[in-house]
Amino acid sequence: MTFFDVQRVREQFPILQQQINGYPLVYLDSAATAHKPECVLQAMFDFYRSDNANVHRSAHTLAARATHKFERARQRVADFLNARSSHEIIWTRGTTESINLVAQTWGRRNLQPGDELLLSAMEHHANLVTWQQIAIETGAQLRIIPLLENGDLDMQAYQNLLSARTRLVAVVQVSNVLGTVNPVAEIVRLAKQAGALTLIDGAQAVAHAPVDVQALDCDFYAFSGHKVYGPTGIGVLYGRQELLAQLPPWQFGGEMIEKVSFTETQFSLPPLRFEAGTPAIAEALGLSAALDFLCQQQAAGAEEYQQQLLQRLLQGLQQIDGVSLVGQPAQRQGVVSIVLTRAHHHDVCQLLDAQGIAVRSGHHCAMPLLSQLGLAGTLRISLGVYNSEEEIDLFLQALRQALELLHD
Ligand code: PMP
């Protein structure tokens, strides 16, 4: 057993020091959004208190300071992902906007009838709907990689679907419904052999294990700040520099230009070319602080610790009558979905909330996956670095009680 000092971690999260309906808050919904440690709140507060100015514009001291910190945060993200340069890091509002950026720039310009886009059956709507709509617009075709019974990706079917027509493989690294960890390095390797580009949706993955975009060798990688203990309103698109250099801008305005006349504009080089308007400056600094926090936790054994919590949760769930697991993937991170054979997930969610326990019920923005599984929704339990064994036990006990009540 790894010793991970979860109490010390919890002390850094002011939001956890509260009661909900007279019970201590047990937050098991970090896949929706994670809480923010004090250092993240402080970084944002300090910016507004001491450094607030717009970036890349004025010559005064505050502006220089704000720009320096903002660009240092970009470098922090580059280091975190092991990108070759901070020029490969584009600020966005989150994973959704990162994927839309690729679709609107690369997709619009390059896709045509006869081209194929490969997505998995476990994509979040952010990755699915975006490419579906670009496919409708350009005449390209979406092809869906099916899943195996246990919720793993069917790698054989993937290989069969790959062809010279495949232009892009866009897949999630960790499923927000099943918790499945996809073999993304292998997916990228095979896509490359077929001459296709790759986009990895890392929204759920980044919080759970280190990511190295050079080792993955992907072309694009997207994630959101708010799922890695950072603020909402900020996210990242990593793109290979050679590729970004070929892409047109997608939004227009200040910050993304070199030279403007009334008739034409010369655009900045990436990443600024893709960042029209005033960016989310305090949020970028908050995200940088969150990555420092996350790396500290990873160095202290957070990954192994959360795997132990997952095992405790899975074992406990398997012993409860009327609960069945949705998917039993070979490798899982952070997320467990269950269905309740004799109760509705919304009712259970409400009964748990009455005891201060936050879990999520619904379709989790993956409607096609759920309908393929013949489900209208699941109850999803997801973990963060601040969760403790006691919380897992409290949840299991409350779930058992809720089901007893509803089964009667
Ligand atoms: N992809 C996955 C796998 C997700 O879990 C989420 C968030 N639930 C997203 C994309 C979208 O992230 P955001 O809403 O932060 O843009």
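Here is a friendly exchange about how some terms apply to this predicted model.

Me: What makes the radius of gyration of the protein chain agree with a compact globule?
Reply: For 408 residues, a compact globule would have a radius of gyration near 22 Å, and the protein chain has 22 Å, so the two agree. As for its extent, the C-alpha atoms fill a box of roughly 75 × 55 × 35 Å along the principal axes.

Me: And what is the chain built from, in terms of secondary structure?
Reply: The protein chain has 14 helices and 17 strands. Among its contacts with a separation of 6 or more, 71% join residues 24 or more positions apart.

Me: How much of the chain is buried, and how much surface does it expose?
Reply: Buried residues account for 57% of the 408. The exposed surface comes to about 17,100 Å², with carbon and sulfur atoms supplying 50% of it.

Me: Let's turn to charge. Why is the contact between E391 and R10 called a salt bridge?
Reply: The cut-off is 4 Å between a side-chain nitrogen of Lys or Arg and a carboxyl oxygen of Asp or Glu. In this pair the N to O distance is 3.1 Å, so the term salt bridge applies. E391 lies in helix α14 (residues 389-407) and R10 in helix α1 (residues 6-11), so the pair ties together parts that are 381 residues apart in sequence.

Me: How do you know whether E391 and R10 are buried or exposed?
Reply: Buried means under 20% relative accessible area. E391 has 4%, so E391 is buried. R10 has 14%, so R10 is buried as well.

Me: What makes R167 and D115 a salt bridge?
Reply: Their closest N and O atoms are 3.2 Å apart, and the limit is 4 Å, so the pair qualifies. R167 sits in strand β7 (residues 166-172) and D115 in the loop between α4 (95-110) and β5 (116-120), so this pair links distant parts of the chain, 52 residues apart.

Me: Why is R167 given one label for accessibility and D115 another?
Reply: Partly exposed covers the range between under 20% and over 50%. R167 has 25% relative accessibility and therefore counts as partly exposed. D115 has a relative accessible area of 9%, so D115 is buried.

Me: How do you know that R312 and E389 form a salt bridge?
Reply: The closest N and O atoms of R312 and E389 are 3.4 Å apart, and that falls within 4 Å, so the definition is met. R312 lies in helix α11 (residues 302-318) and E389 in helix α14, so the pair ties together parts that are 77 residues apart in sequence. R312, at 30% relative accessibility, counts as partly exposed, and E389, at 25%, counts as partly exposed too.

Me: How many salt bridges are there, and which residues are linked in a network?
Reply: The count comes to 20 salt bridges. D51, R65 and K69 are linked in a network. As for the charges themselves, the protein chain has 29 positive and 40 negative side chains, and the centres of the two sets lie 6 Å apart.

Me: Why is Q297 called buried?
Reply: The limit for buried is under 20%, and Q297 has 6% relative accessibility, so Q297 counts as buried. Q297 is in helix α10 (residues 281-299). Leaving aside neighbours within four places in sequence, Q297 is in contact with F4, V9, Q12, A302 and V385.

Me: What is noted about phi of N82 and Y229?
Reply: Each has a positive phi in a residue other than glycine: near 55° for N82 and near 75° for Y229. N82 is in the loop between α3 (61-81) and β4 (89-92), while Y229 is in the loop between β9 (220-224) and β10 (235-239).

Me: How do you know whether N82 and Y229 are buried or partly exposed?
Reply: N82 has 33% relative accessibility, so N82 counts as partly exposed. Y229 has 1%, so Y229 counts as buried.

Me: Where is the cis peptide bond?
Reply: The bond from P270 to P271 is cis, with omega near 5°. P271 is in the loop between β12 (265-267) and α10.

Conventions
Residues numbered from 1 in each chain as written. Predicted model: local features only at pLDDT ≥ 70, side-chain atom pairs only at ≥ 80, totals over all residues. Heavy atoms only, no water. Helix = DSSP H or I, 4+ residues; strand = E, 2+ residues; numbered from the N terminus. Rg over C-alpha atoms; globule rule 2.2 N^0.38 Å. Buried < 20%, exposed > 50% of the residue type's maximum accessible area, 1.4 Å probe, protein only. Contact = heavy atoms within 4.5 Å. Areas by Shrake-Rupley, 256 points an atom, 1.4 Å probe, with all protein chains shown as cover. Lys, Arg positive; Asp, Glu negative; His and termini not counted. Charge placed at Lys NZ, Arg CZ, Asp CG, Glu CD.
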